[in-house]
Amino acid sequence: MNLNKIQIFDTTLRDGEQVPGSGLNSREKVTIALALEELGVDIIEAGFPISSPGDFKSVQEVAAVLKNTIVCALSRSVAKDIDCAAESIKHARRGRIHTGIGTSNQHIKYKFRSNQDEIYERAIWCVKYARNYTDDVEFYAEDAGRTDNEYLAKVIEGVVKAGATVVNIPDTTGYCLPEEYGEKIRYLIEHVEGIDLVHVSTHCHNDLGLATANTIAAIQNGAIQVECTINGIGERAGNTSLEEIVMILKKHQDLNYITGVNTELLCPLSKLVSETMGMPVQPNKAIVGCNAFAHSSGIHQDGVIKNRTTYEIMHPNEVGVDHTSIVLTARSGRAALKFKLEKLKFPRFNSHLDTIYERFLEEADGNKIISDKQLITLAEGVVSRTLVREQV
Ligand code: MN
């Protein structure tokens, strides 16, 4: 096993699908799962089978179509959940059961009305129970982000001994700071006996906008698996965004990590997920937002036209976008205007560039963006007026 290969665990179809009003039917889940397999993710969490008969069916159908990708089903530490999860992935080529329990004081006290010892026993029990069905069992310590490290290490050591093959350390509430979360992963790697035999996984939420930063901190401290979603969708403020992690690791080769993701499929897949779920992507979203490769200010446009590396750290083609866009606004300059007119093959504009630019600025001040069509009309107006004047 190459230790620097990061396992991409996509949970778009489970945590991502928890976005209110964006539920997916079986057909839609199968379409997205096949696209995720083509993208090159390692594990697809397809759903939470006990939650509804429809979700059970979706996980079953996803399990049936995947060729190499591991299909994962979520469950609580409850026998009927685990039975149901196991049943849903029965015919998978490679199936995983994801089970676990909350370990923070808040979860133990208010959700389970229990104590640390009882929760420890339940954690061990659910892993052993799931191992009756498959030898690929992932344990999650829900709200590990707010769980005391010493108790967390005890639980993780227990579940590793009980047969968990992946241990997931979720920052369920998106509370941790990158340094704190990184230290938590490091603490477990240094204190849990047998942890070198399993994969340590991250599962971060974006409540404070730190999901990606926390995930990277965890990788740098020894986590091997990353749980993430396309477009960063998910419960509340969402999960770690898959495209961000993959591109960070790709652009920072000095970090020495690789993923199996074909990055040229990132933007097409982002669109597929956004359209299928009826959930628009914010224009300024990193990597996949429609403005991620758009330049609108004169200084930036001039730089990018001379050489794109002045203001772009990645080529749009790398993530499946066919071109950089130069957007004409009142902040644009002559260089961008000239570039656009040349691109639109507007004839003999050079001697009129200054006049076109003046007219353009008047128009642009009243409009947010000047479209290609508006620019042609404007340039035609300037050129024909000049011609008429020259003839007279
Ligand atoms: Mn989650």
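## Manganese site

Along the chain, the donors of the manganese ion (N, O and S atoms within 2.8 Å of the metal, or 3.2 Å for Na, K and Ca, with water not among the atoms, so that sites may look incomplete) are spaced as D-x187-H-x1-H. Two of them join distant parts of the chain, since D15 sits in the loop between β1 (7-10) and α1 (26-39) while H203 belongs to strand β7 (residues 199-204), 188 residues apart; helices (H or I, at least four residues) and strands (E, at least two) are DSSP runs numbered from the N terminus. The protein donors are D15 (OD), H203 (NE2) and H205 (NE2), at 2.0 to 2.3 Å from the ion.

D15 counts as buried because its relative accessibility is 3%, where buried means under 20% relative accessible area, exposed over 50% and partly exposed in between (1.4 Å probe, protein chains only).

## Basis of the model

The model is predicted, with local features requiring pLDDT of at least 70 and side-chain atom pairs pLDDT 80 or more, whereas totals for chains, interfaces and linings use all residues. Residues are numbered from 1 along each chain as its sequence is written, and side-chain values use heavy atoms, leaving out hydrogens and water.

## Nonpolar cores

The largest nonpolar core (buried Ala, Val, Leu, Ile, Met, Phe, Trp, Tyr and Cys residues joined through side-chain atoms within 4.5 Å) has 85 residues, of which L39, F139, I156, V159, V167, I169 and L242 touch the most other members. Helix α6 (residues 149-162) gives the most to this core, with eight residues. A second, separate core of 19 residues includes A336, L337, I356 and L378.
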